[in-house]
Amino acid sequence: RVINSFAAGSDGERKTIVNISGTSGRNITLTHDDGATGTAAQRVLSANNASLIIRCNGSAEIEYDAASSRWRVLSP
C-alpha cells in the first residue's frame, strides 16, 4: 500500500495515519515528495528525503506546512 499525497490542508492541520493491518504484514509507504503524483501542495516531506514505511500496528503523524505547501512527517 502506497500513499503519494493527501488533499492540501490548512497551516498546522494534523493527521495521524495508523496501519491497522495487524499481523498480516502489510506495510504502508508514505512516498517522499513524489513529483510523479499529486500536486505540490498535496505531497509529503519526510526525514532524510526518504519515503516512510509504517509497519503493522504502527502510526505516523503529519502536519501541513503552508510555508512550503507540503505535509511534513512529525513522528514516524
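**Gly25**

I began with Gly25 in this predicted model, and at 46% relative accessibility I entered Gly25 as partly exposed, because buried would require under 20% and exposed over 50%. I then looked up where Gly25 sits, and found this glycine in the loop between S2 and strand S3, the latter covering residues 28-30. I also checked the spacing to Arg55, which is 30 residues away along the chain, and noted that the two C-alpha atoms are separated by 7.5 Å.

**Strands S1, S3 and S5**

Next I traced the sheet that contains S3, and recorded three strands forming an open sheet in the order S1-S3-S5, with mixed pairing. The edges of this sheet are S1 and strand S5 (52-54), each of which pairs on one side only. For the contact between S1 and S3, I noted that the two strands run parallel and are joined by two bridges. As one example of the residue register, I wrote down Leu30 in S3 as the bridge partner of Ile3.

**Strands S4, S6 and S7**

I then turned to S7, and found that strand S4 (residues 44-45) runs parallel to S7 and is joined to S7 by two bridges. Within this part of the structure, Leu45 stands opposite Arg72 in S7. Strand S6, which spans residues 59-65, pairs with S7 in the antiparallel sense, and I recorded five bridges for that pairing. Here I noted Glu61 as the residue that stands opposite Ser75 in S7. Following the chain from S6 into S7, I entered the two strands as a hairpin with four residues between them, and I marked Ser69 in the turn for its positive phi of about 50 degrees.

**Arg70**

Staying with S7, I looked up Arg70, which lies in this strand. I asked myself whether Arg70 is buried or exposed. The computed relative accessibility is 15%, so Arg70 counts as buried. I then looked for a polar partner, and found that the side chains of Arg70 and Asp33 are joined by a polar contact of 2.9 Å. Leaving aside residues up to four places away in sequence, I listed the residues that Arg70 touches, among them Asp33, Ala40, Arg43, Leu45, Glu63 and Tyr64.

**Aromatic rings**

Last, I went through the rings, and counted two aromatic pairs in the structure. Phe6 and Trp71 make an edge-to-face pair, with 6.2 Å from centre to centre and 65 degrees between the planes. I noted that this pair links distant parts of the chain, since Phe6 belongs to the loop between strand S1 (2-3) and strand S2 (14-18), whereas Trp71 belongs to strand S7 (residues 70-75), 65 residues apart. I checked the burial of both partners: Phe6, at 16% relative accessibility, counts as buried, and Trp71 is buried with a relative accessible area of 0%.

The rings of Tyr64 and Trp71 have centres 5.1 Å apart and planes at 70 degrees, so I entered the pair as edge-to-face, because plane angles over 60 degrees are counted that way. Tyr64 is buried, as is Trp71. Which residues do the ring pairs link into a cluster? I wrote down Phe6, Tyr64 and Trp71 as its members.

Notes: Residues numbered from 1 in each chain as written. Predicted model: local features only at pLDDT ≥ 70, side-chain atom pairs only at ≥ 80, totals over all residues. Heavy atoms only, no water. Phe/Tyr/Trp six-rings, centres within 6.5 Å; stacked < 30°, edge-to-face > 60°. Buried < 20%, exposed > 50% of the residue type's maximum accessible area, 1.4 Å probe, protein only. Polar contact = N/O pair within 3.5 Å; in protein donor to acceptor, adjacent residues only side chain to side chain. Contact = heavy atoms within 4.5 Å. Pairing = 2+ DSSP bridges.
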